Amino acid sequence: MTEIAATIATDLLTIKAVTLRPNDPFTWASGIHSPIYTDNRLTISYPQVRQHIAAGIAAVIRAQYPEAQVIAGVATAGIPHAAWVAQILNLPLIYVRSKPKDHGAGRQIEGVLKPDAKVVMLDDLISTGGSVLQAAKAVQAAGGDVLAVGAVFSYELAAATQNFAAANLPLFSLSNYTTLIKVARAANYIDDQELASLHAWREDPAAWA
């Protein structure tokens with residue numbers, strides 16, 4: 001695991017943005033039982049945590065996507081992180097709604113997106129990638145060139161890998177499920193049996209129980 005991935009995983013566990021309950025699972029809207037619940041919206045209330053996130057994402061963009069011209073936040077949870085990253089990089093910011101407004105100008109994208117502008121899109125969490133990929137399609141339809149999608153945290157599910165491959169879009173995340181459960185075990189948040197159960201869930205969420 002990288003240093004930043006471990007730092008962010010520790011941050012998320014410390015502020016309880018991530019809860020691990022392999023013996024008392026959550027139920028997602030899809031009906032899938034999950035041993036993890038993530039609410040990265042909590043990160044905005046912790047200055048040091050949000051600074052770690054913004055600096056980490058900005059560093060990835062500088063290293064891997066130096067040609068980026070616009071930072072896009074996915075409404076709503078991706079917007080604050082995108083704003084902080086755009087400030088660090090001194091780049092324009094836009095944000096993308098899940099669907100166009102039903103009043104006024106009916107915009108789905110707010111801010112200035114020039115034709116062929118090179119965009120890095122940011123969200124707080126990647127599960128299957130469905131919502132952020134829909135937002136990316138909206139940016140592409142409006143003439144933007146989406147270089148990549150970034151997130152604070154990824155569950156590393158096979159469905160996300162497949163969906164991003166199908167969309168031909170790179171994905172990066174500051175931290176991820178594998179790193180988080182390693183950090184959680186090292187800090188005694190979970191025991192060895194729970195760790196094994198958590199690994200099994202990521203391999204096949206639909207079959208996990």
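Helix 1 (residues 3-14) packs against helix 6 (residues 177-186) at an angle of about 65°, and the two axes sit 9 Å apart. That angle makes helix 1 roughly perpendicular to helix 6, a label that covers 65 to 115 degrees, with angles under 35 called roughly parallel, those over 145 roughly antiparallel and the rest oblique. Axes here are lines fitted to C-alpha atoms, for helices over the stretch in contact, and angles run from 0 to 180 degrees between N-to-C directions. The crossing of helix 1 and helix 6 is right-handed, that is, the near helix is turned clockwise from the far one by less than a right angle, whereas an anticlockwise turn would be left-handed. On the helix 1 side, the residues that meet helix 6 are Ala5, Ala6, Ala9, Thr10, Leu12 and Leu13. Their counterparts in helix 6 are Thr179, Leu180, Val183 and Ala184. Contact here means heavy atoms within 4.5 Å.

A word on the model itself. It is a predicted one, in which local features need pLDDT of at least 70 and side-chain atom pairs count only at pLDDT 80 or more, while totals for chains, interfaces and linings use all residues. Residues are numbered from 1 along each chain as its sequence is written, and side-chain values use heavy atoms, with hydrogens and water left out. Helices (H or I, at least four residues) and strands (E, at least two) are DSSP runs, numbered from the N terminus.

Next comes the sheet. Six strands make up an open sheet with mixed pairing, and their order is 7-6-5-8-9-10. Its edges are strand 7 (109-110) and strand 10 (171-176), each of which pairs on one side only. Two strands are taken to pair if DSSP finds at least two bridges between them. Strand 5 (residues 70-74) and strand 8 (residues 118-126) run in the parallel sense and share four bridges. One residue in this pairing is Gly73, whose bridge partner in strand 8 is Leu122. Helix 4 (residues 130-141) packs on the sheet, where it touches strand 5, strand 6 (93-96), strand 7, strand 8 and strand 9 (145-154). The direction of helix 4 makes about 165° with that of strand 8.

As for charged pairs, the structure holds five salt bridges, each defined as a side-chain nitrogen of Lys or Arg within 4 Å of a carboxyl oxygen of Asp or Glu. One of them ties into the sheet: the side chains of Lys118 and Asp145 meet at 3.4 Å, N to O. This pair links distant parts of the chain, with Lys118 in strand 8 and Asp145 in strand 9, 27 residues apart. Lys118 is partly exposed at 29% relative accessibility, and Asp145 is also partly exposed, at 31%. For these labels, buried means under 20% relative accessible area, exposed means over 50%, and partly exposed is in between (1.4 Å probe, protein chains only).

Arg21 and Asp24 form another salt bridge, at 3.6 Å from N to O. Arg21 is partly exposed at 31% relative accessibility, and Asp24 is partly exposed at 46%. A further salt bridge joins Glu203 to Arg202, with the closest N and O atoms 3.5 Å apart. Here Glu203 counts as exposed because its relative accessible area is 61%, while Arg202, at 23%, is partly exposed.

Ile88 lies in helix 3 (residues 78-89) and is partly exposed at 36% relative accessibility. Leaving aside neighbours within four places in sequence, Ile88 is in contact with Ala54, Ala55, Ala58 and Arg62. Ile88 and Ala55 are 33 residues apart in sequence, yet their C-alpha atoms are 7.6 Å apart in space.

Finally, a few spots in the backbone deserve a look. Most residues other than glycine have a negative phi, and most peptide bonds are trans. The peptide bond from Ala75 to Thr76, however, is cis, with omega near -5°; Thr76 lies in the loop between strand 5 and helix 3. Lys16 is not a glycine but has a positive phi of about 65°. Lys16 lies in the loop between helix 1 and strand 1 (18-20) and counts as exposed at 61% relative accessibility. Asp116, likewise not a glycine, has a positive phi of about 65°. Asp116 lies in the loop between strand 7 and strand 8 and is exposed, with a relative accessible area of 61%.
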